Amino acid sequence: MSVLPESNLALEVRGVTKRFDTRGIRIPLPWSKKKGDDKQVVAVDDLSLTVERGQIFGIVGSNGCGKSTLVRIISTLLYPDGGTISVFGHDVVEESETVRRLINRVSVEASFFRKLSPLENLMFSGQTYGLDRETTAARTFEILGRLGIDEAQVLRPLEQMSRGMQQKVAVARGFLTSPIVLPLDEPTTGLDPASKRQVQKFIAELHAEHDATVLLVTHDMAEAEKLCDQISIMAGGKIVASGTLSGLVEQAGLEGGRHGLEDVFLHVVGHAFDEEPEDKKAGAAASDQ
Ligand SMILES: Nc1ncnc2c1ncn2[C@@H]1O[C@H](COP(=O)(O)OP(=O)(O)OP(=O)(O)O)[C@@H](O)[C@H]1O
Ligand SMILES: [Mg+2]
């Protein structure tokens with residue numbers, strides 16, 4: 001039986017909640033205010049979304065709003081506390097093995113064997129996905145070449161590469177196995193403008209060449225506008241607005257002039273994307289005293 005049914009629904013998230021217990025180590029510290037310090041963080045809060053096959057679906061939101069947690073649950077790395085997620089009809093909890101064959105997450109905190117070269121690292125990944133050595137090596141050179149990494153660097157230990165270059169290797173690894181669903185968690189954060197453009201071009205090209213569905217988490221509004229067919233804005237673990245860029249502008253009731261995602265974000269979330277929310281500012285001021 002094919003694991004990829006004739007479905008147009010690549011990803012279906014239904015009422016997903018994830019809480020973290022932040023009590024950690026229970027040492028009574030002199031400055032802890034009261035017992036009430038013990039609390040749970042609701043990282044993802046009854047969140048639902050659907051992503052159609054072949055879309056580049058963007059998720060934007062401020063630090064700590066739950067984007068990476070959502071991506072981790074979708075990628076079978078965390079269990080949800082409630083709700084369900086299916087990837088092409090396969091439940092991420094009940095059928096995690098099948099889902100892992102369809103999905104490959106790229107994240108900024110990618111782990112590698114740092115003493116080994118990009119080629120050796122990607123050979124290892126290829127092997128775990130059942131790719132033969134020749135195919136893996138050829139694809140490694142091809143993909144990293146397209147991302148602007150020359151052949152000599154492909155053979156040198158990864159720890160000698162800059163952080164941005166290592167990030168490109170993480171992107172290359174994500175695309176190595178031509179996964180059907182690609183959650184990309186901030187693939188271009190911290191890259192210089194030229195590298196950023198290279199990675200964005202690569203994502204767009206690969207997406208066009210393959211039947212891939214991309215879930216793109218980004219802090220770069222221009223990137224979301226440029227690459228995504230649909231965009232969801234997340235705040236406090238929830239989706240607070242969703243649609244095409246023009247749909248979002250319309251939903252926000254923004255009229256006249258040229259409005260972009262920044263304006264929609266400000267309107268929907270109540271603070272600019274690159275600004276701290278008022279309540280956090282107030283909290284920080286209180287704890288400074
Ligand atoms: N393993 C964990 N244990 C406890 N709390 C966690 C854990 N992972 C995430 N959190 C908390 O859950 C919330 C959401 O975190 P998450 O990493 O999903 O945010 P994010 O939207 O990806 O933020 P950023 O833009 O900074 O990457 C935050 O309050 C965070 O502190
Ligand atoms: Mg994150």
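Reader: Which residues lie nearest the centre of the largest pocket?
Author: Bear in mind that this is a predicted model. In it, 24 residues line the largest pocket, and the space inside is about 680 Å³. Nearest the centre of that pocket you'll find Asn 104, Arg 105, Ser 125, Tyr 129 and Arg 173.

Reader: Which helix gives the most to the lining of the largest pocket?
Author: Four elements each put in at least two residues: α2 (96-102), β6 (106-107), α3 (118-128) and α6 (163-176). The top contributor, with four residues, is α3.

Reader: How many residues of the lining are charged?
Author: Split the lining of the largest pocket by class and you get nine nonpolar and nine polar residues. The charged ones number six.

Reader: What do the buried residues of α3 pack against?
Author: The buried set in α3 is Pro 118, Leu 119, Asn 121, Leu 122, Met 123, Ser 125 and Gly 126. Ser 125 also turns up among the residues nearest the centre of the largest pocket. As for packing partners, the buried residues of α3 sit against α4 (133-146), α5 (151-154) and α6.

Reader: Is Tyr 129 buried, partly exposed or exposed?
Author: Tyr 129 belongs to the loop between α3 and α4. Buried would need under 20% relative accessible area, and exposed would need over 50%. Tyr 129 comes out at 38%, so it counts as partly exposed.

Reader: Which residues does Tyr 129 touch, not counting those up to four places away in sequence?
Author: For a feel of the surroundings, take Arg 101: it is 28 residues from Tyr 129 along the chain, yet their C-alpha atoms are separated by 7.9 Å. Going by contacts, Tyr 129 touches Arg 100, Ile 103, Asn 104 and Thr 177.

Reader: Which residue with a positive phi follows α3?
Author: Look just past the end of α3, where phi goes positive, near 80°. The residue there is Gly 130.

Reader: Why does Thr 136 count as buried?
Author: Thr 136 is part of helix α4. Its contacts beyond four places in sequence are Leu 122, Met 123, Gly 126, Leu 131 and Leu 176. With Leu 122, which is 14 residues away along the chain, the C-alpha separation is 7.3 Å. Thr 136 counts as buried because its relative accessibility is 1%.

Reader: What is the relative accessibility of Phe 88?
Author: Phe 88 sits in the loop between β4 (82-87) and β5 (90-91). Its phi is positive, near 45°, though the residue is not a glycine. The cut-off for buried is under 20%. Phe 88 is buried, then, with a relative accessibility of 1%.

Reader: Which strand holds Asp 46?
Author: Asp 46 is no glycine either, but it has a positive phi of about 50°. It is found at residues 40-52, in strand β2.

Reader: How many of the contacts between residues at least 6 apart join residues at least 24 apart?
Author: The protein chain has eleven helices and ten strands, and 45% of its 289 residues count as buried. For those contacts, the share joining residues at least 24 apart is 71%.

Reader: Where does pLDDT stay under 50?
Author: Overall, the protein chain averages a pLDDT of 88, and 88% of the residues score at least 70. Where pLDDT is low, don't read the predicted coordinates in detail. The stretch under 50 has zero contacts beyond four places in sequence, and it covers residues 282-289.

Methods:
Residues are numbered from 1 along each chain as its sequence is written. Chains are lettered from A and ligands numbered from 1 in the order in which they are written. This is a predicted model: local features need pLDDT of at least 70, side-chain atom pairs count only at pLDDT 80 or more; totals for chains, interfaces and linings use all residues. Side-chain values use heavy atoms; hydrogens and water are left out. Buried means under 20% relative accessible area, exposed over 50%, partly exposed in between (1.4 Å probe, protein chains only). Contact means heavy atoms within 4.5 Å. pLDDT is the predictor's confidence in each residue, from 0 to 100. On a 1 Å grid over the protein atoms alone, a cavity is a set of points where a 1.4 Å probe fits but cannot get out, and a pocket is an open set with protein on both sides within 12 Å along at least five of seven lines; lining residues have an atom within 4 Å of a point. Grid points are joined across faces, edges and corners, and a volume is the space filled by probe spheres set on the points. Ala, Val, Leu, Ile, Met, Phe, Trp, Tyr, Cys and Pro count as nonpolar, Asp, Glu, Lys and Arg as charged, and the others, Gly among them, as polar.
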